[in-house]
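Colleague: I should like to request a close look at a single part of this structure, with its surroundings described in connected form. Please begin with the residue at its centre and work outwards.

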Amino acid sequence: MSLLRPLLLALALVAVPGAQGACPVPADLKREDGTRTCAKLYDKSDPYYDNCCRGAELSVEPGADLPFLPSDWANTASSLVVAPRCELTVWSRAGKAGKTRKFSSGSYPRLEELRRGIFGDWSNAISALYCRCY
């Protein structure tokens with residue numbers, strides 16, 4: 001019974017979104033002047049959640065509509081965080097073509113865990129985005 005309790009605690013922490021990893025808390029997505037940031041995309045993820053949300057960072061403002069991401073960010077994002085009361089819609093091909101997915105408020109440290117069709121995932125697959133806040 002004594003080994004069962006730590007195992008159940010570990011499983012509970014894994015199952016709770018945002019309770020893992022080095023990703024920022026969605027409520028902390030603000031600039032220094034207090035204005036809101038809609039989402040942040042990161043180019044590094046790792047099998048270990050503590051090493052996710054690292055590397056280069058792309059901040060997305062509320063209302064940002066990018067049918068074509070900057071060339072160094074197309075098909076590069078592997079972790080993302082969406083601010084509270086915001087929604088990030090992404091497409092797998094430039095020009096808002098291909099598969100689409102909506103991310104609500106929260107932390108997504110490993111996009112390779114999110115399926116895109118039968119054989120794909122969303123890691124390194126975001127080519128266009130739209131972010132809105134309520």
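Modeller: The residue I shall start from is E87, which belongs to strand 5, residues 86-93. The model is a predicted one, and what follows should be read accordingly. E87 has a relative accessibility of 15% and therefore counts as buried, the limit being under 20%. Leaving aside residues up to four places away in sequence, E87 is in contact with C38, V82, K102, F103, Y130, C131, R132 and Y134.

One of these contacts deserves separate treatment. E87 and R132 form a salt bridge, with 3.3 Å between the closest N and O atoms. Because R132 is part of strand 10 and E87 part of strand 5, the pair ties together parts of the chain that lie 45 residues apart in sequence. The two partners are not equally accessible: R132 is partly exposed at 34% relative accessibility, whereas E87, at 15%, is buried. The backbone arrangement brings the two residues face to face as well, since E87 stands opposite R132 of strand 10.

That pairing leads to the strand as a whole. Strand 5 and strand 10 run antiparallel to each other and are paired over six bridges. Strand 5 is also paired with strand 6, again in the antiparallel sense, over five bridges. Within this second pairing, L88 stands opposite F103 in strand 6. The connection between strand 5 and strand 6 is a hairpin with three residues between the strands, and G95 in the turn has a positive phi of about 75°. Of the eight residues in strand 5, seven are buried, so the strand is largely enclosed by the rest of the structure.

The sheet that contains these pairings is open and has four strands in the order 3-10-5-6, with antiparallel pairing. Its edges are formed by strand 3 (65-66) and strand 6 (97-103); each has a single partner strand, so one side of each is left without a neighbour in the sheet. In general, the strands of a sheet pair through backbone hydrogen bonds, in either a parallel or an antiparallel manner. Here, strand 3 is joined to strand 10 (residues 128-133) by two bridges in the antiparallel sense. In that pairing D65 stands opposite Y130 of strand 10, and Y130 is also among the residues touched by E87.

Strand 10 supplies a further residue of interest, L129. At 0% relative accessibility, L129 counts as buried. The C-alpha atoms of L129 and L66 are separated by 5.3 Å, although the two residues are 63 residues apart along the chain. With residues up to four places away in sequence left out, the contacts of L129 are L41, V60, A64, D65, L66, L69, L88, T89, V90 and W91.

The nonpolar surroundings can be considered next. The largest nonpolar core comprises 30 residues, and L41, L80, V82, L88, F103, L111 and I126 are those with the most contacts inside it. At least two residues of this core come from each of strand 1 (39-44), strand 2 (54-60), strand 4 (79-82), strand 5 and strand 10. Two of its well-connected members, V82 and F103, are also in contact with E87. L111, another of these members, touches A77, S78, S79, L80, F103, D121, W122, S123 and I126, again without residues up to four places away in sequence.

It remains to set the E87 salt bridge beside others in the model. A search of the whole structure finds six salt bridges. One of them joins the side chains of R31 and E61, at 2.9 Å from N to O. This pair links distant parts of the chain, 30 residues apart: R31 is in the loop between helix 1 (4-15) and strand 1, and E61 is in the loop between strand 2 and strand 3. R31 is partly exposed, having a relative accessible area of 42%, and E61 is likewise partly exposed, with 27%. A further salt bridge is formed by R110 and E112, whose closest N and O atoms are 2.9 Å apart. R110 is buried, with a relative accessible area of 17%. Together, R110, E112 and E113 are linked in a network of salt bridges.

To return to the starting point, E87 is a buried residue in strand 5 that forms a salt bridge with R132 and stands opposite R132 in strand 10.

Technical notes: Residues numbered from 1 in each chain as written. Predicted model: local features only at pLDDT ≥ 70, side-chain atom pairs only at ≥ 80, totals over all residues. Heavy atoms only, no water. Buried < 20%, exposed > 50% of the residue type's maximum accessible area, 1.4 Å probe, protein only. Contact = heavy atoms within 4.5 Å. Pairing = 2+ DSSP bridges. Core = buried A, V, L, I, M, F, W, Y, C linked by side-chain atoms within 4.5 Å. Salt bridge = Lys/Arg side-chain N within 4 Å of Asp/Glu carboxyl O.
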